[in-house]
Amino acid sequence: MRLSPIQQLMALQSTLIMQLNETPSKQITMIDLPVVRGQLLLALHARHQLTLSTQQRTMIQRAIITTLATKTDGTQLMDLWRQTLPQRYRIVDQAEVVAHFEQLERANWDVASLRAYATHLTGQLAAQPTALKGILQHNWQALHQVGSALYQMLFEAYGDRTAQPVINYQRINLVLTHLGAQLDEHAFLQLTARDYQLDPQLAPDAPFLATFAQSVQRAFVGRVLTDKRIHQFRMYLDRQNLRYIRHYFQHSGETDEQALARFVRKRQATQPHYWLRREPARLHNKYRNGQRPTTHWNRKRLTPDFHSEFILAPSGAFISQWQVLKLKADGLIDSNPDHYQLDDGTLRQLLNGESFNYANRNDRQHARLDSQPPLQNDHALRKTAFKGWRSPTKQQYRPNDKQVDDYSRWYS
């Protein structure tokens, strides 16, 4: 699947912006990004996505040649980029709006994302023509809540919804960069951003989660997921799911399962056929070598789209590594295995908990994206926990999960 010239330039621009955000480089700032943007302006014009005057085209062509030949800082190209911003996004040429879009470009949103946003913003301003400052401030905050309705709108539009693997990989990187995703010395993914966070109102069945999962499917089509950051990002989606259910649906004295059932009943009020999926939980009932597997089995429940997963103990409590992981004073996770007392109860939480699925069903893609990656991509604490533990065989695993309840069903 080949990239079009515009896709190639957009992908290169995104890579350069990401490098600038991670490790500011004078060389990139002074030469590479202005030249790529100059070429992109000409390509957008050629594809009738931007109307440039003959004079503007000539100026851009000369500025590209001059910048490449003399290794100047590309100031003229960057000025032309700013001048064409209202045209590129079809927005009013107003200082506050232009500055707002420049900030979003620095955050690495692409042309397709920002054109979708421009349409949305135009509608907001038509409804409230005197509220420009408040609208821009509100939108800026919403776009720092990863997974919010506005963030999802831009994220879904990114790359013109292409299935091209390179663009989808960059789409994923957009989210990881926003959240400051970095692997630490114990191969543990830390989210270090202070100005971005997962939206606290992000529900387990939110459209953003399905869109993000689709991006992973497209980025790794036919391949095993090998990126540790993308693999481990699932655990933060898991944490958000647990927090959401407990915060919005759990009443005092109730179990996690009761809260989960209340979540489903709320969905059923508008979607009568909404049920969580039941699936066998054999791999979520690991036991120590030399012991016998329990007959009080943990149970698995998933959202209808297969992505969000919950593991329930016989008591109705969630089983999760987030029952064990500790928060440090700086807000990051303590990932050092030496700082944990790994008794059997702790190990069961680490090994048997939920895991967000990037696939849509239990098939080969599920194996490549969700089942196989933990062997190589898990953090050190979980790899330590795995030593000396195993899953019950299919002959040993006899789930007693046939009773009827009011929130889950076996899906065929």
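**Exercise 1. Arg-277 and Glu-279**

Task: In this predicted model, determine how the side chains of Arg-277 and Glu-279 meet, and whether these two residues are buried or exposed.

Solution. Begin with the distance between the charged groups: the side chains of Arg-277 and Glu-279 come together with an N to O distance of 3.9 Å. Since a salt bridge requires the nitrogen to lie within 4 Å of the carboxyl oxygen, this contact qualifies as a salt bridge. Turn next to the surroundings, where Arg-277 and Glu-279 both prove to be buried. The strand that carries them completes the picture, for strand 5 (residues 276-279) is covered on both faces, with Leu-276 and Arg-278 buried on one side and Arg-277 and Glu-279 buried on the other.

**Exercise 2. The partners of strand 5**

Task: Establish in which sense strand 5 pairs with strand 12 and in which sense it pairs with strand 7, and then place these strands in their sheet.

Solution. As a general starting point, the strands of a sheet pair through backbone hydrogen bonds, in either a parallel or an antiparallel sense. Strand 5 and strand 12 (residues 408-410) are joined by 3 bridges in the parallel sense, and here Leu-276 has Ser-408 as its bridge partner. With strand 7 (residues 299-302), strand 5 pairs in the antiparallel sense, again over 3 bridges; in that strand Arg-301 is the bridge partner of Arg-278, while Leu-302 is the bridge partner of Arg-277.

The next step is to assemble the sheet, which is open, has 4 strands in the order 8-7-5-12, and shows mixed pairing. Its edges are formed by strand 8 (309-312) and strand 12, each of which pairs on one side only. From one strand to the next, the twist averages 35°. Finally, helix 13 (residues 256-268) lies across strand 5, strand 7 and strand 8, and runs at about 145° to strand 8.

**Exercise 3. Two further salt bridges**

Task: Among the 17 salt bridges of the structure, examine the one between Arg-288 and Asp-344 and the one between Arg-82 and Asp-79, and state where the partners of each lie in the chain.

Solution. Take Arg-288 and Asp-344 to begin with: their side chains form a salt bridge at 2.6 Å, N to O. This pair links distant parts of the chain, as Arg-288 belongs to strand 6 (residues 287-288) and Asp-344 to helix 14 (residues 344-352), 56 residues apart. Arg-288 counts as partly exposed because its relative accessibility is 27%, and Asp-344 is likewise classed as partly exposed, at 22%.

Salt bridges with shared partners also occur, and they join Asp-79, Arg-82 and Glu-102 into one network. Within that network, the closest N and O atoms of Arg-82 and Asp-79 are 3.1 Å apart. Both residues lie in helix 4 (residues 75-83), separated by 3 residues, or about one turn of the helix. Arg-82 is partly exposed, with a relative accessibility of 41%, and Asp-79 is also partly exposed, at 33%.

**Exercise 4. Aromatic rings and their surroundings**

Task: The structure holds 20 aromatic pairs; classify the geometry of the pair formed by Tyr-169 and Phe-220, and then identify which charged residues lie over the faces of Tyr-340 and Trp-275.

Solution. For Tyr-169 and Phe-220 the ring centres are 6.2 Å apart and the planes stand at 70° to one another, an edge-to-face arrangement. The pair bridges distant parts of the chain, with Tyr-169 in helix 10 (residues 165-178) and Phe-220 in the loop between helix 11 (207-219) and helix 12 (228-249), 51 residues apart. Their environments can then be read from the relative accessible areas: at 29%, Tyr-169 is partly exposed, whereas Phe-220, at 4%, is buried.

Over the face of Tyr-340 lies Lys-326, at 4.5 Å from the ring centre, and over the face of Trp-275 lies Arg-409, at 3.6 Å from the ring centre.

As a last step, consider the aromatic cluster whose members include Phe-155, Phe-208 and Phe-212. Thr-211, located in helix 11, counts as buried because its relative accessibility is 9%. Once its neighbours within four places in sequence are left aside, Thr-211 is in contact with Gln-152, Phe-155, Glu-156 and Arg-171.

Notes
Residues numbered from 1 in each chain as written. Predicted model: local features only at pLDDT ≥ 70, side-chain atom pairs only at ≥ 80, totals over all residues. Heavy atoms only, no water. Helix = DSSP H or I, 4+ residues; strand = E, 2+ residues; numbered from the N terminus. Buried < 20%, exposed > 50% of the residue type's maximum accessible area, 1.4 Å probe, protein only. Pairing = 2+ DSSP bridges. Phe/Tyr/Trp six-rings, centres within 6.5 Å; stacked < 30°, edge-to-face > 60°. Lys NZ or Arg CZ within 6 Å of the ring centre and 35° of its normal. Axes fitted to C-alpha atoms, helices over the stretch in contact; angles between N-to-C directions. Contact = heavy atoms within 4.5 Å.
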